[in-house]
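Thanks for coming. I will go through one structure today, starting on the inside and finishing at the surface.

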Amino acid sequence: ARAARAALQDSLLGVERKTFLTAAYGWPILVEETLQNNTIGVHYLFGLGKRNMFEFNDWDIDLGLEVNWYDFYSDDNNQNFQTLSYFVLSQIDVRPGWKWIPTSLETSIKIGGGLVSPGYGFTIGGFTTYNLLPTSLAISLFSQYNWVSGVINQNTKTSWNTIGLQFGINLDDKVSEIIDLDLPDIFDIF
């Protein structure tokens, strides 16, 4: 039965690379003391990427870009932290082989880093995604740890955890067919 469900899922969603789009919102919890006096607002995340870009140790690795809106408002302009971040992320599907977990359920870990205007930062998190079969829609619960530096002033480092909901869609890979180029293999000398 599990193999039949996996075959049905693969026939509906496909097993090749897919483009994914996500939109999420989350609530910061466990905020480091640097931001304790700021008004904590909802954080928004938008993601775009490719599924199954790499494989390592039989784990599929997705690669993507995530844009975050962080909202730690303060009346003091020197302490106000409302900004965008741009993170390059990799996601690893660590779905265990337990028989009681449905094949439409994914458990993944994501890790990434990049620019947090005007500083930099990184994130690590985990999420559980349920694919709403037979559609290409998905809904996720996520938790992530964010660490940023240089956003309030050059020497300030701060961190917080976020929990939230993520909504996504898996698209057929039409973009890569449009820009698919046959480049000569210049490294094949022998």
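**Cavities, salt bridges and a surface patch**

I start with the largest cavity, which holds about 120 Å³ of space. It has 18 lining residues, and those closest to its centre are Thr 22, Arg 51, Thr 129, Ala 138 and Gln 166. Keep Arg 51 in mind, since I come back to that residue. Please also note that this is a predicted model.

Which elements build that lining? At least two residues each come from strand S1 (19–29), strand S6 (105–116), strand S7 (119–132), strand S8 (137–149) and strand S9 (157–171). S9 has the largest share, with 5 residues. Sorted by class, the lining of the largest cavity has 8 polar, 7 nonpolar and 3 charged residues.

For orientation, here is the overall layout. The protein has 9 strands and 2 helices. Along the sequence the pattern reads α-β-β-β-β-β-β-β-β-β-α. There are 190 residues in the protein, and buried ones make up 37% of them.

Back to the cavities. How many cavities of 30 Å³ or more are there? The count is 3. The second largest has a volume of about 90 Å³. Its lining consists of Phe 20, Thr 22, Gly 47, Leu 48, Gly 64, Leu 65, Glu 66, Leu 89, Gln 91, Lys 110, Phe 127 and Gln 166. Two or more of these residues are given by each of S1, S3, S4 and S5. S4 gives the most to this lining, namely 3 residues. By class, the second lining divides into 5 nonpolar, 5 polar and 2 charged residues.

Thr 22 and Gln 166 are in the list for the second cavity, and both names are also among the residues closest to the centre of the largest cavity.

Now the charged side chains. A search of the whole structure finds 3 salt bridges. I take them one at a time.

The first bridge I want to show is between Asp 62 and Arg 51, with an N to O distance of 3.2 Å. Asp 62 is in strand S4 and Arg 51 in strand S3, so the bridge ties together parts 11 residues apart in sequence. Are these two residues buried or exposed? Asp 62 is buried, at 7% relative accessible area. Arg 51 is buried as well, at 16% relative accessibility, and the cut-off for buried is under 20%.

Arg 51 has another partner. Arg 51 also forms a salt bridge with Glu 106, where the closest N and O atoms are 3.6 Å apart. Here Arg 51 is in strand S3 and Glu 106 in strand S6, so the parts tied together are 55 residues apart in sequence. Glu 106 counts as buried, at 9% relative accessibility.

The remaining bridge is the one between Lys 110 and Glu 66, with 2.8 Å from N to O. Lys 110 lies in strand S6 and Glu 66 in strand S4, so this pair ties together parts 44 residues apart in sequence. Lys 110 is buried, with a relative accessible area of 2%. Glu 66 is buried too, with 4%.

Which of these residues are joined into one network? Arg 51, Asp 62 and Glu 106 are, through salt bridges that share partners. To link this with the cavities: Arg 51 is one of the residues closest to the centre of the largest cavity, while Lys 110 and Glu 66 line the second largest one.

Last, the surface. A nonpolar patch is formed there by Tyr 44, Phe 46, Phe 54, Leu 63, Leu 65, Trp 69, Leu 84, Tyr 86, Val 88 and Leu 115. Together these residues have about 930 Å² of accessible area. Strand S3 (43–56), strand S4 (59–73) and strand S5 (81–93) are the elements that give two or more residues to the patch.

I pick out Phe 46 as an example. Phe 46 lies in strand S3. How accessible is Phe 46? Its relative accessibility is 48%, so Phe 46 counts as partly exposed; the cut-off for exposed is over 50%.

One more residue to look at is Leu 65. Leu 65 belongs to the surface patch, and Leu 65 is also listed in the lining of the second largest cavity.

That is what I have for today.

Terms used
Residues numbered from 1 in each chain as written. Predicted model: local features only at pLDDT ≥ 70, side-chain atom pairs only at ≥ 80, totals over all residues. Heavy atoms only, no water. Patch = residues over 30% accessible without salt bridge, like charges linked within 9 Å, V, L, I, M, F, W, Y side chains within 5 Å. Areas by Shrake-Rupley, 256 points an atom, 1.4 Å probe, with all protein chains shown as cover. Salt bridge = Lys/Arg side-chain N within 4 Å of Asp/Glu carboxyl O. Helix = DSSP H or I, 4+ residues; strand = E, 2+ residues; numbered from the N terminus. Buried < 20%, exposed > 50% of the residue type's maximum accessible area, 1.4 Å probe, protein only. 1 Å grid on protein atoms, 1.4 Å probe; cavity = no way out; pocket = protein on both sides within 12 Å on 5 of 7 lines; lining within 4 Å. Points joined across faces, edges and corners; volume = space filled by probe spheres on them. Nonpolar A, V, L, I, M, F, W, Y, C, P; charged D, E, K, R; others polar.
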